[in-house]
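Work through the exercises below with the model open beside you. Each task is followed by a solution in steps.

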Amino acid sequence: MRRLRSWQLVAVGALALSGAALAESVKITGRFPADYREPSFLKRMGVDRIDGPDGRALGYALERAIGNRGHYSVVAGGADVDGILSGFVSTEINEARVSQERENCVEKTKDPSGNEKCVRKEKQTIYCRQRTIDVSADLRIARASDGRVVYSTRKPRQNAVTWCPGESAPGAVDGVVRGLTDSIAEEVAREISPHSETYAPRFYESREGMPKEFHDRFKAAVRATQRDLTGACTELAALDQATPHFALAYDTGICAEARGEYEAAIDAYRRAATLRPRDTADFNASIDRVRKLIVQRDDERARR
C-alpha cells in the first residue's frame, strides 16, 4: 500500500481570480489523489461487519462518511462489491478520583472604596472525578477480486474530562462515543478518497537581475493577472521568451498550472529553480504539488 503525504493545497481545472486581499495570486480549484491510492480504484465499497460493542455505530458512520465524499458507491454487506471494509472497535471507559491543588483566598480586606481585596492565599487540596473514554478501531479494506488488503489502519481516540465539586458533570457517555466513532469514520473516508480543494499561488514580482527594459512590462503583466489572466499570461510568456529570468519562469508555470497543463508547469518551475537556486525549496514545493495533480488526473483517466 502506497501512502501519499497529505497536501493542504489542491489545483485542477476551474479557474477564478482572487480578490483584492491577495493582490498577486490566482485561485485554482481541483483534485488531489487519496493519501492511500489503492482503495481509490475500487468503485463499489461494501461496509461489512465491524465487530465490538460500538461496531454497528461505527459501520453506519463509515457508510455516511465514505458515501458523502462522492467517490464510492457504498453498499451494505459484501455482495457485488469491489472492496470490503471490515474491522473491530473497542471501547473502554474509566472513572477515577483525582486530586488538584488550588490557591484560594483565606483573608480579605476592603479598600477605601469598599472593594474587597485578597491579602492572603493558601493552597488547598480538592478531590475531583476524572472520566476517560478510549475508542480504538482496527480497520481494513480487502479487494474483492483477490482478497488483497489494500488499506489497513488503527485509529485511536480518547476523551478525558475532569470535574470538581461545584462544576457540572460531563455529557452522557453514548454521545461522546458517537462523536469519537464519527471522527474515526471521517478520517478513514478522507484517507481513501480523492479530494478537491482550493489554493492561491502567488506570482513572483522580483525584477532582480532582469534587464531594465522589461521592468515596466513585467510589473504591468503581474498586475493584469487580477483583471485579465489570459492576457497577462500571454504577456508573461512573451517576456519569458525574450529574457531568461526566474520570476518569469515561475509565473509562466503558474499560468500553465492554472490551465491544467501540468507537464509544462513542471518544466517552468524547474527552469525557475535553475535560474534561482537559493529559492529551490519554493520551486520544489510547486513541482511536488503539480506531480500530485498529475497522479490524480491519470488515475481518473485509468478509471474511465
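Serine 40 touches Ala34, His71, Tyr72, Ile192, Pro194 and Arg303, leaving out residues up to four places away in sequence. The model is a predicted one. Keep that in mind throughout.

**Exercise 1. Place serine 40 and classify its exposure.**

Solution.
- Step 1: Find the element. Serine 40 sits in the loop between β2 (26-32) and β3.
- Step 2: Read the accessibility. The relative accessible area of serine 40 is 2%. Buried means under 20%, so serine 40 is buried.
- Step 3: Look for a polar partner. A polar atom of the serine 40 side chain lies 2.5 Å from the backbone oxygen of arginine 37.

**Exercise 2. Describe the setting of glutamine 296.**

Solution.
- Step 1: Glutamine 296 is part of helix α7.
- Step 2: Its relative accessibility is 2%, so glutamine 296 counts as buried.
- Step 3: List the contacts. Beyond four places in sequence, glutamine 296 touches Arg31, Phe32, Pro33, Pro194 and Arg303. Pro194 and Arg303 also appear among the contacts of serine 40.
- Step 4: Check side chain to side chain. Glutamine 296 makes a polar contact with glutamate 300, at 2.8 Å.

**Exercise 3. Is serine 206 buried, partly exposed or exposed?**

Solution.
- Step 1: Locate serine 206 in the loop between β8 (195-199) and α3 (215-224).
- Step 2: Apply the cut-offs. Partly exposed lies between 20% and 50%. Serine 206 has 25% relative accessibility, so it counts as partly exposed.
- Step 3: Collect the contacts. Apart from neighbours within four places in sequence, serine 206 contacts Phe218, His245, Phe246 and Ala247.
- Step 4: Take a C-alpha distance. Serine 206 and lysine 219 are 13 residues apart along the chain, and their C-alpha atoms are separated by 9.1 Å.
- Step 5: Inspect the side chain. One of its polar atoms lies 3.3 Å from the backbone nitrogen of glutamate 208.

**Exercise 4. Do the same for valine 81, a loop residue.**

Solution.
- Step 1: Valine 81 is in the loop between β4 (73-76) and β5 (83-110).
- Step 2: With a relative accessible area of 10%, valine 81 is buried.
- Step 3: Not counting residues up to four places away, valine 81 touches Arg44, Met45, Gly46, Val75 and Ala144.
- Step 4: Valine 47 is 34 residues away along the chain, and its C-alpha atom is 9.6 Å from that of valine 81.

**Exercise 5. Compare the lengths of α1 and α2 with expectation, then find what covers their buried residues.**

Solution.
- Step 1: α1 has 14 residues. Its end C-alpha atoms are 20 Å apart, close to the 20 Å expected at 1.5 Å a residue.
- Step 2: α2 (residues 173-192) has 20 residues. It reaches 29 Å, close to the expected 28 Å.
- Step 3: Pick out the buried residues. In α1 they include Ala57, Leu58, Ala61, Leu62 and Ile66. In α2 they include Val177, Leu180, Ile184 and Val188.
- Step 4: Find the cover. For α1 it includes β3 (44-51), β4, β5, β6 and α2. The buried residues of α2 pack against α1 (55-68), β5, β6 (116-143) and β7 (149-163).
- Step 5: Look past the end of α1. Glycine 70 follows, with a positive phi near 80°.

**Exercise 6. Characterise two helix pairs: α6 with α7, and α4 with α5.**

Solution.
- Step 1: α6 (residues 262-275) and α7 (residues 280-303) pack at about 165°, with axes 9 Å apart. Therefore α6 is roughly antiparallel to α7.
- Step 2: The α6 and α7 crossing is left-handed. Contacting residues include Ile266 and Tyr269 in α6, and Phe283 and Ile287 in α7.
- Step 3: α4 (residues 229-242) and α5 (residues 246-258) pack at about 145°, with axes 9 Å apart. Their crossing is left-handed.
- Step 4: Cys233, Leu236, Ala237, Leu239 and Asp240 of α4 meet Leu248, Ala249, Asp251, Thr252 and Cys255 of α5.

**Exercise 7. How many residues of α5 are buried?**

Solution.
- Step 1: Check the span. The 13 residues should cover 18 Å, and the end C-alpha atoms of α5 are 18 Å apart, which agrees.
- Step 2: Count. 13 of the 13 residues are buried, so α5 is largely enclosed by the rest of the structure.
- Step 3: Glycine 260 follows α5, with a positive phi near 85°.

Conventions. Residues numbered from 1 in each chain as written. Predicted model: local features only at pLDDT ≥ 70, side-chain atom pairs only at ≥ 80, totals over all residues. Heavy atoms only, no water. Helix = DSSP H or I, 4+ residues; strand = E, 2+ residues; numbered from the N terminus. Buried < 20%, exposed > 50% of the residue type's maximum accessible area, 1.4 Å probe, protein only. Contact = heavy atoms within 4.5 Å. Polar contact = N/O pair within 3.5 Å; in protein donor to acceptor, adjacent residues only side chain to side chain. Expected span 1.5 Å × (residues − 1). Axes fitted to C-alpha atoms, helices over the stretch in contact; angles between N-to-C directions. Parallel < 35°, antiparallel > 145°, perpendicular 65-115°, else oblique. Left-handed = near helix turned anticlockwise from the far one by under 90°.
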